[in-house]
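Please find below a short note for a colleague new to this structure. The points are numbered and may be read alongside the display.

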Amino acid sequence: MACAVALPLAVASAGPAGDEDRTVVRAPARESVRSAPRDEDAKARPAAPSSSPLLLGLGLATAVRCGPELTSPDGIEAQTCVLTQGDDTWARTYYRNVTGGALDSVLSLMGPGGRTVQMKCSVGADDEPGMCETPREHSRGEPSAYTAVAEFAGQAANGPLLLRSGSNSSEATGS
């Protein structure tokens, strides 16, 4: 009997072959599970719709506006986005550095009224996908009024610009 229970558990916990480097993240268990509605619940008034169009049942939705995925001839790949969640807006760039050397990057979020937030990011030479983002700021105006730009350059002082990626750009700038 013990083997009949232990064997399926061992197989289920092993996971698919080739997944040894992956981490499994599970959602936390719900504190209570409710079965089918009772008769008195059916007579209750339906819940009023939420006043916020940003609620999707999982919390605040995040609006994402990204430019195209770009690749420079020098070996940097990037995509830059403007994100908005509730009253907050911020910029994020996703990148992969296959240049073989470490790079410097500056991510800028430009908003209404000439406001700009910049974040300097170090991009390692490890050929792994990475991400850099600006701090969140209280939104001023419509999300479409924000633009993000990421610039990747060599680490030497005044190193050459290798790639410029924007949230609404359609072409790469670089050497």
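**Strand 4 and the residue T134**

1. In the hairpin of strand 3 and strand 4, Q85 and D88 face each other, with D88 belonging to strand 4. It should be noted that the model under discussion is a predicted one.

2. This hairpin leaves 2 residues between its strands, and G86 adopts a positive phi near 60° there. Strand 3 covers residues 76-85 and runs antiparallel to strand 4, with 10 bridges joining the two.

3. Strand 4 also has partners later in the chain. With strand 7 it shares 5 bridges, again in an antiparallel arrangement; R92 has E133 of strand 7 as its bridge partner.

4. Strand 8 likewise pairs with strand 4 in the antiparallel sense, through 2 bridges. Here T89 is matched with E137, a residue of strand 8.

5. How many of the residues of strand 4 are buried? Of the 10 residues in this strand, which spans 88-97, 7 are buried, and the strand is therefore described as mostly covered.

6. The loop between strand 7 (129-133) and strand 8 (137-138) contains T134. Is T134 buried or exposed? Its relative accessibility is 3%, and because the limit for a buried residue is under 20%, T134 counts as buried.

7. Which residues does T134 touch, once neighbours within four places in sequence are set aside? The contacts are W90, A91, L107, L109, V117 and M119. Of these, W90 and A91 lie within the range of strand 4, residues 88-97.

How values were computed: Residues are numbered from 1 along each chain as its sequence is written. This is a predicted model: local features need pLDDT of at least 70, side-chain atom pairs count only at pLDDT 80 or more; totals for chains, interfaces and linings use all residues. Side-chain values use heavy atoms; hydrogens and water are left out. Helices (H or I, at least four residues) and strands (E, at least two) are DSSP runs, numbered from the N terminus. Buried means under 20% relative accessible area, exposed over 50%, partly exposed in between (1.4 Å probe, protein chains only). Contact means heavy atoms within 4.5 Å. Two strands pair if DSSP finds at least two bridges between them.
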